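Trainee: Could you give me a close look at one part of this model, namely the helix packing within chain B? I would also welcome a short account of its surroundings.

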Amino acid sequence: MSLEAGTLRPPFARSPSRVAIRRVASYEAGLADVIFETVQELGLDVRARSVLLKPNFVEPDPAGVIDTHPAVVSAARECFLRLGAREVRVGEGPGHERDTEAILETIRLRDFMGPLSGVFVDLNLDDVAPVSLRTRASNLKKVYLPKTVLRADFVVSMPKLKTHHWVGVTLSLKNMFGIVPGCCYGWPKNVLHWAGISRAILDINGTVRPDFSIVDGIVGMEGNGPIQGTPKPCGVLVMGDDPVAVDGTCARVMGLAPERIDYLRKAGTLLGQLASDKIIQVGESIASVRAPFAFLDGFRRLRAT
Amino acid sequence: MRLDQDSGRGSVSGITGFAASCCLPFLLAHQNPDGGWGYHPQAESSVEATGWALLALASAAHEPYFEVRMRGLRWLGQAQLPDGSWPPFAGQSAGCWVTSLACLALQVQDQCPAAVTRGLNWLVDAWPSEGSLGWQLRSRLLGASSIVRQDSSLRGWSWTPGTASWVEPTSYALIVFDCVAPQFRPAGAERRRRLAEAMLYDRMCPCGGWNSGNPQVYGVAGEPRVGTTAWALLALRNRAASAGKQCSLDWLQQAYGGIRGPASLSLAYLCLRAYSRPAAPLEPALWDLYERNQFLDSLLVFAWAAIALSDKLVLLASGERGEKGVGT
């Protein structure tokens, strides 16, 4: 996990980031191979490391629109094990639903991944340790975080490509709210809302910056996301080791100007590359997969013109 | 920890087979050396897990558990903060929503009356932040009042200090105050209870039932959830009958057959029993779910299942009908 100081750097002190867009027709396609080839192409080394996959499991949604699809999570696990990871666990702390097992059973995670015991960790109910936040975008200053997250060598944020009715979009960075433990902060983790969602996103990611992102955009969600929106088939996986660049690319795929999204613009000053000329696209071009999303009225100003 | 379903069917002092053969052995096997329980085996003792473990053991009320319970109660007593509240984990400095559960665990077992009194006093003084001047300003600036439908003058309890009221912590607080006879409740408790009851109804989803506390956002009706609906209904069980309660019970009863998680299932069953509503037997469904994932080794699930299956229904003790004071 990236707690070292080097993760906080202005864009001019960073190399350009590479983001891969892969066209994937369905959840039945060879997802593990797609992810494996991409991780290899991006040159990541996870040998002998403990990997934590952090999907976005929000609600018991049998339709598969709200939550990261279990096929993608399972494929990522298979990929990182194939790449020599010491262990690959899946951890999530849903923000509203306390019955995490109800979510896992509804989306059939076990059917895709096998027995969950020893593999899945409910981050809401994990042991915790205090962590001083390394940025001061909000007034949080210190949070308790799950020891499973703090002990992981390599954290992979695996969001769904969705709109969000408070901050515009929810992608790799917003997905990290799920590491904040409900046992300390409740369901929802209201302290993050009171701190200002955008500012809290920056502080959480400034402290626990994901090492890799895999965005499930095979079927995304548009409209009144992240829960009550409608399915938006896009047929893509977006991946990279810079979560800001990945989220910026996703926003562009969704037809938005990422610089107009408050927390992404600020993240681009310290957490990663947001400017399109600092992002090297691998695989498909943005133009070839662009699929403008429907947004609530209040977010139309975010559209690319 | 895996248990053999066939060899485990039995009964221990008023509790049925699954609880006796699966839940209680899990709780007994995973008490920490310090007397508390963690959320999972080998996890650090937490106030919530310890509170629920103690309530589950109280449901069993089996004499051999006496020493186990006393060690747990001692741990709980020691975890209390000087201001009367409890933090999520011992050693943390700020009290929060688990204070209600700690008080409930102690009160149900008539233990540590002074600690319970201090906890209840803290709860009476623990106002959520909505409705405050700062909140009103913030709300106006963000335009939140036009996005979320709620009456912010109706306040219950928050998860953590300095944040807003939510259904579940409000329900826990109402349940614990209900366990204490009115004459033993702290001054101000009745006002808090009245406001909290009104707040729960205000936050009810349009079709009945509750989610965490957003009945309507951007004009779209919120979807209720099983767990929060069960807690809210349990909290309102001693209040007057109302159309809101009835339609929420109807919703829960309808949802019961489709519940996929053991925690939600146990809570729904407990709630429907409390209201004498019919529900399909809990045990077979719990066995099936246990076979699939072993409840992910979650202590809360084992504890809630034991409480739901017990004849004693410890959560439903009412101070209104008796003279039950704190620690009496």
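Mentor: The helix pairs of chain B are taken in turn below, followed by the contact with chain A and some strand pairing there.

This is a predicted model, in which local features need pLDDT of at least 70 and side-chain atom pairs count only at pLDDT 80 or more, whereas totals for chains, interfaces and linings use all residues. Residues are numbered from 1 along each chain as its sequence is written, while chains are lettered from A and ligands numbered from 1 in the order in which they are written.

Chain B contains 13 helices and two strands; helices (H or I, at least four residues) and strands (E, at least two) are DSSP runs, numbered from the N terminus. Of its 328 residues, 52% count as buried, a residue being buried if 20 or more other C-beta atoms lie within 10 Å of its own, exposed if 12 or fewer, and partly exposed in between, with C-beta atoms placed from the backbone. Among contacts in chain B with a separation of 6 or more, 67% join residues 24 or more positions apart; two residues are in contact if their C-beta atoms, placed from the backbone, lie within 7 Å.

Consider helix H4 (residues 98–108) of chain B and helix H5 (residues 113–125) of chain B, whose axes come within 9 Å and cross at roughly 150 degrees. H4(B) is therefore roughly antiparallel to H5(B). Axes are lines fitted to C-alpha atoms, for helices over the stretch in contact, and angles run from 0 to 180 degrees between N-to-C directions; those under 35 degrees count as roughly parallel, over 145 as roughly antiparallel, 65 to 115 as roughly perpendicular and the rest as oblique. The crossing of H4(B) past H5(B) is left-handed, meaning that the near helix is turned anticlockwise from the far one by less than a right angle (clockwise would be right-handed). In H4(B), the contacting residues include B:Cys103 and B:Leu106, and those in H5(B) include B:Gly119 and B:Trp122. The residues of this contact divide into eight nonpolar, four polar and no charged. Here Ala, Val, Leu, Ile, Met, Phe, Trp, Tyr, Cys and Pro count as nonpolar, Asp, Glu, Lys and Arg as charged, and the others, Gly among them, as polar.

Helix H1 (residues 17–29) of chain B packs on helix H13 (residues 299–309) of chain B at an angle of about 140 degrees, with the axes 9 Å apart. This crossing too is left-handed. Among the residues that meet are B:Phe18 and B:Phe26 in H1(B) and B:Phe302 and B:Leu309 in H13(B). By class, the contact has eleven nonpolar, no polar and no charged residues.

In a third pair, the axes of helix H11 (residues 262–274) of chain B and helix H12 (residues 282–293) of chain B come within 10 Å and cross at roughly 170 degrees. H11(B) and H12(B) are therefore roughly antiparallel to each other. B:Pro262, B:Leu265, B:Ser266 and B:Tyr269 of H11(B) meet B:Leu282, B:Ala285, B:Leu286 and B:Leu289 of H12(B), a contact with seven nonpolar, one polar and no charged residues.

Turning to the partner chain, the contact takes 30 residues from chain A and 38 residues from chain B. The largest share of the chain A side, four residues, comes from H3(A). That side divides into 14 nonpolar, eight polar and eight charged residues.

Within chain A, strand E11 (residues 230–240) pairs in the antiparallel sense with strand E1 (residues 17–23) over five bridges; two strands pair if DSSP finds at least two bridges between them. A:Arg22 has A:Leu237 in E11(A) as its bridge partner. Strand E10 (residues 212–222) of chain A also pairs with E11(A) in the antiparallel sense, over nine bridges, and A:Val219 is bridged to A:Pro233 in E11(A).
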